[in-house]
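Work through the exercises below with the sequence and the model side by side, and try each task before reading its solution.

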Amino acid sequence: MARNRFFIDKIEEETVLAGDEFRHAKKVLRLTEGSEIVLLDGSGAEYGAVVSRVEQDRLIVHVLGKTGESREPNADVLLLVGALKGDKTELVVQKATELGVGRIGVFSSKYCAAYMNDNKLERLRRVSREAAKQCMRSLAPPVEYFSDLEAALESANGYQNKLFACEFLKKNKRELAPLNGSCALVVGSEGGFSEEEFARAEALGFDGVFLGKRILRAETAAIALLSVVMYGLGELR
Ligand code: SAM
C-alpha cells in the first residue's frame, strides 16, 4: 500500500495537487510519474492514485478508486484541553491524533496563561493533518478553539461518557475500563482548574477523574487519560 498520503478537498478522476501538498510531494518526497499515492478528502474514504504528470507548480494524478481501507477508530472521542504554553498544545494534538481522537477542542479557563490566535489555531490544524497522514488515518481531527471553559464543556453535549480530569480529587468518581459509547474528556492547562470550574462541569454531567496521587503535567495528563480511555474502548488492542 502506498504510504504517501495527501489531503485534498475534491477528488476527481484527474486530480490536481497544488500548493503545500504539491511542494511536499515534489520537493520532500520527490514523487515522479508513476508514483503510487493515496488521496484523502476528509470523508474517511481513501483513494488510490498514480502520478500521471509532474508540472512546474502542480502534480496531476489519476485516481484509481477507493481502496476500501480505513484505520479510523470505531470510538468517537472528543478531547478538550486547556491552551498550553510554548508548543505543548501541538504535542497534545499530534499524540491525540495518533491515538485516534475524533475531535479536539482547545479552551481558555480561569488559570490558563497561554493565549490563542488565528495563526496558532491554523498551526494546530496543520499538526493534526500531518499527524493523521503519518499514522495513516483517513481523517484529520478538526481542532476548534473555545474562549471560555463553559463553551468547551457545552460542546460535549450528547457524548455518552463525560470525564473531567481533576487534580484536586482524592479518588475516581468513575471506572475507566471497560468503557462503551462516545467519550468527551477534559484536561486543564498548566494552571489547573478552580473548584467552581469543577462544580460547573459536574453540573453539566461530567464525572471527575483522578489520575493518581502525582500531579501530572497537563500534556502528560491529556495523553495518559486519552490512552486509558482508548484502551477501555478497545481501540488499543
Ligand atoms: N496547577 C495545578 C496544581 O498545582 O495542582 C496542576 C495542574 S496540572 C499540571 C494540569 C491538568 O492535568 C489538571 O488540570 C488536570 O486536568 C490534569 N491532571 C494532572 N494531574 C492529575 C491527577 N493526578 N489527577 C487528575 N487530573 C490531573
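A salt bridge is counted where a side-chain nitrogen of Lys or Arg lies within 4 Å of a carboxyl oxygen of Asp or Glu. Keep in mind throughout that this is a predicted model.

**Exercise 1.** Find out which residue Arg53 meets in a salt bridge, and decide how exposed each partner is.

*Solution.* Begin with the contact itself: the side chain of Arg53 meets that of Glu55, with a distance of 3.0 Å from N to O, and this satisfies the cut-off of 4 Å. Next, turn to accessibility, where partly exposed covers the range between under 20%, which is buried, and over 50%, which is exposed. Arg53 has a relative accessibility of 41% and therefore counts as partly exposed, and Glu55, at 22%, is partly exposed as well. This pair belongs to a structure that holds 16 salt bridges.

**Exercise 2.** Examine the salt bridge between Glu196 and Lys110, and explain which parts of the chain the pair ties together.

*Solution.* First check the distance: the side chains of Glu196 and Lys110 meet at 3.9 Å, N to O. Then locate the two residues, for Glu196 lies in helix α5 (residues 195-203), while Lys110 lies in the loop between β7 (103-107) and α3 (118-134), so the pair ties together parts that are 86 residues apart in sequence. Finally, look at the surroundings of the pair: both Glu196 and Lys110 are exposed.

**Exercise 3.** Describe the salt bridge of Arg129 with Glu122, and then name the residues that salt bridges with shared partners join into one network.

*Solution.* The closest N and O atoms of Arg129 and Glu122 are 3.5 Å apart. Arg129 is partly exposed, with a relative accessible area of 30%, and Glu122 is likewise partly exposed, at 34%. As for the network, Glu21, Glu130 and Lys133 are joined into one by salt bridges that share partners.

**Exercise 4.** How many disulfides does the structure hold, and why does Cys112 form no bond with the closest cysteine?

*Solution.* Start from the principle that a disulfide is a covalent bond between the sulfur atoms of two cysteines. The structure holds 0 disulfides. For Cys112, the closest cysteine sulfur is that of Cys166, and because the two sulfurs are 16 Å apart, they are too far from each other for a bond. Cys183 is also in no disulfide, since its nearest cysteine sulfur, again in Cys166, is 18 Å away, whereas the cut-off is 2.5 Å. To finish, consider accessibility: Cys112 counts as buried at 16%, and Cys183 counts as buried at 0%.

Notes:
Residues numbered from 1 in each chain as written. Predicted model: local features only at pLDDT ≥ 70, side-chain atom pairs only at ≥ 80, totals over all residues. Heavy atoms only, no water. Buried < 20%, exposed > 50% of the residue type's maximum accessible area, 1.4 Å probe, protein only. Helix = DSSP H or I, 4+ residues; strand = E, 2+ residues; numbered from the N terminus.
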